[in-house]
Amino acid sequence: MADATLKDVARASGCSVATVSRVLAGTRPVGAETAHRVRAAAEALGYRPNQAARALRSRATGTVGLVLPQITNPFYPALVRELTHALHADGRAVLLADCDDDPAAEAEHIADLLGRRVDALLVIPADEERSRAAVAAAAARVPLVLMDRGCGPGVADSVAVDNTAGMALVLDHLAATGRRTVCFIGAEGTASAAAERRGAYAAGSRALDPGAPERVALGDFSVEWGRAAVDRVWPARPDALVCANDLIAIGALQRLHRLGADVPGEVAVTGFDDIPMAALSAPGVTTVRQPVAQLAAEAARLLAQRLAGGEAGPRRAIRLAPELVVRESSAPKRSARTPAQQCAPPGSGQLSAVRAR
């Protein structure tokens, strides 16, 4: 059977083609009874609007480009799901591109999406500095919202969790449970989330121990780095590992288990993001929960406002409040020293800053 047309719907509903068009597009108010007849006829006929023809008439494609740094990070599929729902509610489809943490590939994907005439872009930049030129150029052409990470002030609208507040929640929790010899395991580079969490640790950990800001190990946001980092920092016997995301924390837990370390009796482990794996780990990972649904809703709202009102107005930066989720990996510290601590090598109480090679 051939696809139903506007004329078919008009004939079935007893209305003019113009009236049917107004009802289905929602461009003008139409009487409730007439609108009901038109929608009932369209549903009975299985009518679907011709998006290509609509795009030619309106010069809008109804699509939004979404550029991610690494789709294999479990945090991002959850965000994509919420974004897809939020944008679909506005009648928009999503075109997804994964740049694999490569700013050059990211720039190519942005150019490709612009070539496909997307109405707007959502970008989680791979690197705050090296992504800036491509993002700024795209933001001058279409509405663009940065999510989770930034590219510097004034480049585009942005929405992200308050990383500084999230790290403060972690450090306050560790202090309350008796931890003092804390160590940060994070990611190198200038991705804004990595830099903000690293900076917040350095600023807040001094209250626990003057040497804590120097106890830092940097690699990347991966389970593999979490495992490797433990081998670098464990000789100094820290009593807490503050990990920059949940993947690092899960890798750290795996390696600590292989080493026979007691978690949380001997050492606490915390993460950031609250991906599903954090709750399923053994022990469950204490972490900072990002409000993913709210992040997606705010990003969709910012895009809708730009699309409705053009490019006028200053860039807006929204920071969302995080939530600390306490699980078994950070129970209060035991007062007695464990056998492993008693056997720690002399002079191992201080941990120097280390970096992945």
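Q: Which residues of helix H7 are buried?
A: This is a predicted model. In H7, which spans residues 132–139, the buried ones are Val135, Ala138 and Ala139.

Q: Where do those buried residues fall around the helix axis?
A: Looking down the axis of H7, they sit within an arc of 100°, so they line one face of the helix.

Q: And what do they pack against?
A: Three elements. They are helix H6 (103–115), strand E3 (120–123) and strand E4 (144–147).

Q: Zooming out, how many helices and strands does the protein chain have?
A: The protein chain has 14 helices and 13 strands.

Q: What share of the residues is buried?
A: The chain has 357 residues, and 48% of them count as buried.

Q: How much surface does the chain expose, and what share comes from carbon and sulfur?
A: About 16800 Å² is exposed. Carbon and sulfur atoms supply 53% of that area.

Q: What about contacts between residues far apart in sequence?
A: Take the contacts in the chain with a separation of 6 or more. Residues 24 or more positions apart account for 72% of them.

Q: OK, Val67. Where is it, and is it buried or exposed?
A: Val67 lies in strand E1. It counts as buried because its relative accessibility is 0%, and the cut-off for buried is under 20%.

Q: What does Val67 touch, leaving out residues up to four places away in sequence?
A: Val67 touches Ala97, Glu106, Ile110, Leu113, Leu122, Val123 and Ile124.

Q: How far is Val67 from Ala107?
A: The two are 40 residues apart in sequence. In space they are 9.6 Å apart, C-alpha to C-alpha.

Q: Switching to Asn73. Where is that one?
A: Asn73 is in the loop between strand E1 (63–68) and helix H5 (75–89).

Q: Is Asn73 buried or exposed, and what does it touch?
A: Asn73 counts as buried, at 10% relative accessibility. Beyond four places in sequence, Asn73 touches Asn245 and Leu247.

Q: And Glu298? Buried or exposed?
A: Glu298 is buried, with a relative accessible area of 17%. Its place is in helix H13, residues 292–309.

Q: What is Glu298 in contact with, apart from its neighbours within four places?
A: Glu298 is in contact with Val159, Ile318 and Leu320.

Q: How many salt bridges are there?
A: The count comes to 15 salt bridges. Side chains of opposite charge can pair when their charged atoms come close.

Q: What is the N to O distance for Arg116 and Asp112?
A: Their side chains meet in a salt bridge at 3.0 Å, N to O. Arg116 counts as exposed, at 52% relative accessibility. Asp112 counts as partly exposed, at 39%.

Q: Then Arg130 and Asp127. What is the distance there?
A: That salt bridge is 3.9 Å, N to O. Arg130 counts as exposed, at 60% relative accessibility. Asp127 is buried, with a relative accessible area of 7%.

Q: What about Asp209 and Arg215? Buried or exposed?
A: Both Asp209 and Arg215 are buried. Their side chains meet in a salt bridge at 2.6 Å, N to O.

Q: Which residues do shared salt-bridge partners join into one network?
A: Asp274, Arg289, Glu323 and Arg327.

Q: New topic, cysteines. How many disulfides turn up?
A: A search of the whole structure finds 0 disulfides.

Q: Why no bond for Cys183?
A: The closest cysteine sulfur is in Cys243, and the sulfur of Cys183 is 8.4 Å from it, too far for a bond. A disulfide needs the two sulfur atoms within 2.5 Å.

Q: Are Cys183 and Cys99 buried or exposed?
A: Cys183 is buried, with a relative accessible area of 0%. Cys99 is buried too, with a relative accessible area of 2%.

Q: Last one, confidence. What is the average pLDDT?
A: The chain averages 87, and 87% of the residues score at least 70.

Q: Where does pLDDT stay under 50?
A: Over residues 336–357. The model has 39 contacts for that stretch beyond four places in sequence. Where pLDDT is low, the predicted coordinates should not be read in detail.

Key
Residues numbered from 1 in each chain as written. Predicted model: local features only at pLDDT ≥ 70, side-chain atom pairs only at ≥ 80, totals over all residues. Heavy atoms only, no water. Buried < 20%, exposed > 50% of the residue type's maximum accessible area, 1.4 Å probe, protein only. Helix = DSSP H or I, 4+ residues; strand = E, 2+ residues; numbered from the N terminus. Arc of directions from axis to C-beta. Contact = heavy atoms within 4.5 Å. Areas by Shrake-Rupley, 256 points an atom, 1.4 Å probe, with all protein chains shown as cover. Salt bridge = Lys/Arg side-chain N within 4 Å of Asp/Glu carboxyl O. pLDDT = per-residue confidence, 0-100.
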